[in-house]
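Got the viewer open? Let's take a walk through this one together, stop by stop.

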Amino acid sequence: MPRNGLSPYVMFNHDEWAELAKNAPLPLTQGDLDRLSTLGDPIDLAEADAVYRPLSALMQMYARATGQLYKETSGFFGRQAERTPWIVGIAGSVAVGKSTAARLLQQLLSRWPHTPHVDLVPTDGFLHPNEVLKERGIMGRKGFPESYDRRALIDFLHSVKSGEEENAVPVYDHISYNIIPGEKIVIRKPDILIVEGLNVLQPPNPRSSSRLTVSDFFDFSIYMDADEATLQEWYISRFQSLRSTAFAHEHSYFRSYANLSDEEAEATARQIWSSINLPNLRENIAPTRSRAKVILTKGKDHRIEEIALRKI
């Protein structure tokens, strides 16, 4: 049974949560999961069945309830405006598995009859171009809140929630480590929009004249969690693997890392983690954990060990 304490969350362990799986279908195969998984973030059918199947059912419940509330509110005011997309935010550290979780939920949610059109937008596309970061002297703080064009991201979400037919999103290339000039992804009024990124649950910037923040547009939010030591090891493992994949590409921004020895690669990854990713996690990402509707906590084997659901 859920363990209720002096907390705004209801807590479930892995097995308690898995009992809820009977409330939702699992229209996925292991082949689907293999295509959805990111490098270094394995997930199998049993884990998808135990964790993400119930989560997709819960999200459907919330989305339907939001739709019903919208319908009743519109009727109350005598206005029949079309309902706008239901927006989900997914936050968490580098290497925690946000991208895999986002793609898996996109697939599961799109297979429910009420929400066939589910789009996914990584916030990487809203990073300032490298030229801007260099000009501002913050190239070494890429991924920190100030490295994003938050105004553009907020404007995009405002447009989505306002019911615009089409909204364009810049495209980020992980090979060149930069925004691709002139390239856009067009989002056309999805039933659900998933927004995935490090800092999507950030509170308003106290130095900004606007009190709006990205999370103000979310109908549902998820924080992917793991302890610092585990995240560091996952990051190092992923860095090691990238030497023979993305780093080896002839146009890779990190081409110089491709020929590092195992020892050199580990030392480099530890330095990057301790100087960039860990400070960002501690200063900006982890403090937003309590702002999420759902917290998924992973163990060392990438298995979700605990699920926290904010009480209604």
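Start by selecting Val94: is it buried or exposed? Val94 is buried, because its relative accessible area is 16%, and the cut-off for buried is under 20%. Keep in mind as you look around that this is a predicted model.

**Stop 1: around Val94**

You'll find Val94 in the loop between β2 and α4. Now show what it touches: leaving aside neighbours within four places in sequence, Val94 is in contact with Leu198, Leu231, Tyr235, Arg238, Trp273 and Asn277. Add Gln232 to the selection too. Gln232 is 138 residues from Val94 along the chain, yet the two C-alpha atoms are separated by 9.1 Å.

Step along to Ala95, which sits in that loop between β2 and α4 as well. Check its backbone: phi of Ala95 is near 75 degrees, a positive value in a residue other than glycine. Most residues other than glycine have a negative phi. Ala95 counts as buried, since its relative accessibility is 13%.

**Stop 2: the largest pocket**

Val94 also takes you to the largest pocket. Along with Asp124, His174, Tyr177 and Arg238, Val94 is among the lining residues that lie nearest the pocket's centre. Colour the whole lining and you'll have 42 residues lit up, around a space of about 1300 Å³.

Which elements give two or more residues to this lining? They are α4 (98-110), β3 (118-122), α7 (228-242) and α8 (262-285). Of these, α7 gives the most, with 5 residues. Try colouring the lining by class: you should get 23 nonpolar, 12 polar and 7 charged residues.

**Stop 3: helix α4**

Next, select α4 on its own. Put a distance between the C-alpha atoms at its two ends and you'll get 18 Å; that agrees with the 18 Å that 13 residues should span at 1.5 Å a residue.

Which residues of α4 are buried? Pick out Lys98, Thr100, Ala101, Ala102, Leu104, Leu105, Gln106, Leu108 and Leu109. Those buried residues pack against α2 (30-36), α3, β2 (86-92), β3, β6 (192-196) and β7 (220-225), so show these elements next to the helix, bearing in mind that contact here means heavy atoms within 4.5 Å.

While you're on α4, click Gln107. Gln107 counts as partly exposed, because its relative accessibility is 26%. Beyond residues up to four places away in sequence, Gln107 touches Leu28 and Leu36. Its C-alpha atom is separated by 9.6 Å from that of Asp119, 12 residues apart along the chain.

**Stop 4: the largest nonpolar core**

Time to look inside. In soluble globular proteins, nonpolar side chains tend to be buried together. Here the largest nonpolar core has 86 residues, and Tyr52, Leu55, Phe156, Leu157 and Ile222 touch the most other members. Helix α3 (residues 45-77) supplies the largest share of this core, 9 residues.

Zoom in on Phe156. Not counting residues up to four places away in sequence, what does Phe156 touch? Its contacts are Val121, Phe126, Asn167, Ala168, Val169, Ile187 and Leu193.

**Stop 5: a pair of loops**

Now go to Gly163, in the loop between α6 (150-161) and β4 (167-173). At 22% relative accessibility, Gly163 counts as partly exposed. Show Thr84 and Lys189, the residues that Gly163 touches beyond four places in sequence. Thr84 is 79 residues from Gly163 along the chain, with the C-alpha atoms separated by 5.4 Å.

Follow that contact over to Lys189, which lies in the loop between β5 (178-187) and β6. Lys189 has a positive phi of about 40 degrees although it is not a glycine. With 21% relative accessibility, Lys189 counts as partly exposed.

**Last stop: the cavity**

How many cavities of 30 Å³ or more does a search of the whole structure find? The search finds 1. The largest cavity has a volume of about 90 Å³. To see its walls, select Thr123, Pro145, Tyr148, Arg150, Leu153, Asn199, Val200, Gln202, Thr213 and Val214. By class, this lining divides into 5 nonpolar, 4 polar and 1 charged.

Conventions. Residues numbered from 1 in each chain as written. Predicted model: local features only at pLDDT ≥ 70, side-chain atom pairs only at ≥ 80, totals over all residues. Heavy atoms only, no water. Core = buried A, V, L, I, M, F, W, Y, C linked by side-chain atoms within 4.5 Å. Buried < 20%, exposed > 50% of the residue type's maximum accessible area, 1.4 Å probe, protein only. Helix = DSSP H or I, 4+ residues; strand = E, 2+ residues; numbered from the N terminus. 1 Å grid on protein atoms, 1.4 Å probe; cavity = no way out; pocket = protein on both sides within 12 Å on 5 of 7 lines; lining within 4 Å. Points joined across faces, edges and corners; volume = space filled by probe spheres on them. Nonpolar A, V, L, I, M, F, W, Y, C, P; charged D, E, K, R; others polar. Expected span 1.5 Å × (residues − 1).
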